[in-house]
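Here's a quick tour for anyone opening this structure for the first time. Have a look at the model, then read on.

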Amino acid sequence: MENKLKNREEIVKDINKDYFLLLPSGEEIELNLSKREEVLNILEKYGYPELIDYVKAEELPGEVKAEAPSIKEMKRLELCDNENASDSGNHRMYPNGQLMFNLIRDWQEKIAKYDLGAMEIGSPLFYNKADEQILAQCGSFHERHYSVRVPDDPNKEFILRFAADFGLFKMVQQAQFSYRQLPLRFFEYSENFRYEKSGELSGLKRDRFFHMADIHCFCKDEEQAIIEYKDICRKYEDLNSGMGIKYANVLRVVDKFYEKYKADLLEIVRYANRPLFVERLDKMKHYWAMKHEWQSIDSVHGNQQLSTVQFDVKEGKVYNIVYADENGEKKNCIIIHSSVGAIERCMYAILEEALKLDRPVLPLWLSPVQLRIIPVNNDAHLSFCKELEFNGIRYDIDDRNEKLGKKMVRARQEWIPFVIVVGENEINGAKFKVNDRRNNCVLEMSKDELENFIKKEIANYPYRPLALSKYISKRPSFYGAI
């Protein structure tokens with residue numbers, strides 16, 4: 001049955017495309033991608049730097065990109081690494097990496113469940129390949145499937161899911177609801193598998209096992225769906241901006257939907273207040289008719305998709321997901337797919353954003369250690385350091401029997417955002433000299449001032465305690481001494 005499925009190249013070969021920029025003014029600027037220099041000149045005039053990098057990396061490929069430095073840094077910082085005992089593209093998370101992972105997950109769940117009010121569900125990891133609806137949805141992804149066979153029936157094959165759709169759609173298919181209850185929003189934190197080609201694997205940017213917060217909205221018609229679509233696009237615009245990640249805005253859209261919803265799309269462009277790169281298709285190639293993408297740019301000018309919102313006009317029919325309308329008749333739902341972004345890819349983008357800086361540093365709420373305390377002399381000053389307590393902050397103490405200079409070097413190598421050195425003056429005075437890595441300056445603050453300063457900055461983000469011992473001497477080394 002699978003040999004009847006077309007691959008992605010076969011599906012898109014008969015689709016005609018054109019490209020343009022949609023500006024906040026409403027003006028459309030045609031882009032002829034066969035004329036590289038002309039396109040780049042137009043982008044220089046109208047585009048953001050991230051949009052230029054995106055088009056050069058994705059739409060005008062040709063330059064060989066250097067390896068992203070985060071691949072080495074994620075190991076050196078003891079965040080994560082490839083797991084050699086697993087398949088390629090599967091990662092192990094060290095304690096600090098798992099902390100960062102969990103904080104991003106907490107943040108995504110807050111967005112889904114509280115900001116967007118989605119109902120959380122759970123579903124299995126693999127599905128029967130013989131199910132007609134599952135197979136129909138897989139479409140051009142069939143080349144990227146992981147397959148599982150059961151011991152007592154070698155002819156029975158299951159597909160490891162590549163998105164959260166399968167289980168949710170089967171669940172909603174059995175649910176009973178009317179137009180009065182729509183739109184319905186569901187959220188699932190999903191573990192997904194895609195058999196990416198070996199040459200495509202690249203650290204946390206692209207792997208074969210990844211975790212994603214998927215949000216689906218079930219709507220009664222296109223009119224309600226476009227309202228949902230715009231609402232979620234605005235939310236993701238705020239969230240990606242709030243992460244401090246630089247990105248380009250991209251839209252892929254079927255021609256008739258662009259003409260029908262241009263005014264709505266222009267609202268999204270104006271909200272973002274930046275040009276939108278548009279790929280317009282003359283026919284559908286997937287289940288979606290419109291798809292917004294937030295494409296982040298790494299430190300070597302490569303691109304990677306973070307969030308996405310998709311206007312699905314097909315799978316309500318494929319799965320026979322229906323509601324009762326005003327007359328009691330059954331109608332198929334329009335579905336808005338969206339993902340806040342794969343956690344691994346968010347980690348990649350955040351690391352790469354840090355590596356663009358002269359002094360790399362992670363966002364304060366994601367820094368495994370937010371504050372380090374270093375005694376000048378362990379015998380004279382360590383006991384005072386141990387008596388210091390900072391509530392609601394991830395702080396540690398470098399209690400190793402090493403010289404002060406070596407301890408300061410380690411703090412710099414670990415990208416610790418704030419460091420205080422404790423000697424006689426600090427013990428006898430009311431203020432600490434705080435080394436601020438982000439601004440390359442020294443601040444004078446009391447203990448309470450420093451605690452409140454850090455807590456104020458991280459107040460709107462998730463918080464978890466240290467992943468490792470507060471005392472550096474007690475910590476294992478997973479990758480080798482820094």
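## Around F311

Skipping neighbours within four places in sequence, F311 is in contact (heavy atoms within 4.5 Å) with twelve-odd partners, including Y229, F257, W288, M290 and I336. F311 also belongs to the largest nonpolar core, which has 89 residues; along with Y229 and M290, F311 has the most contacts inside that core. A nonpolar core here is a set of buried Ala, Val, Leu, Ile, Met, Phe, Trp, Tyr and Cys residues joined through side-chain atoms within 4.5 Å; buried means under 20% relative accessible area (1.4 Å probe, protein chains only). A second, separate core of 22 residues includes F162, F177, I321 and Y323.

## What you're looking at

This is a predicted model: local features need pLDDT of at least 70, side-chain atom pairs count only at pLDDT 80 or more, and totals for chains, interfaces and linings use all residues. Residues are numbered from 1 along each chain as its sequence is written, and side-chain values use heavy atoms, leaving out hydrogens and water.

## Rings that meetThe whole structure holds 22 aromatic pairs (Phe, Tyr or six-membered Trp rings with centres within 6.5 Å). The rings of F169 and Y319 have centres 5.1 Å apart and planes at 75°, so this pair is edge-to-face (over 60 degrees). F169 is buried, with a relative accessible area of 0%, and Y319 is buried too, at 0%.

Y236 and W294 also form an edge-to-face pair, 5.9 Å centre to centre with 75° between the planes. Ring pairs link Y146, F193, Y195 and F209 into a cluster.

Technical notes
Buried means under 20% relative accessible area, exposed over 50%, partly exposed in between (1.4 Å probe, protein chains only). Rings of Phe, Tyr and Trp (its six-membered ring) pair if their centres lie within 6.5 Å; planes under 30 degrees apart count as stacked, over 60 as edge-to-face and the rest as tilted.
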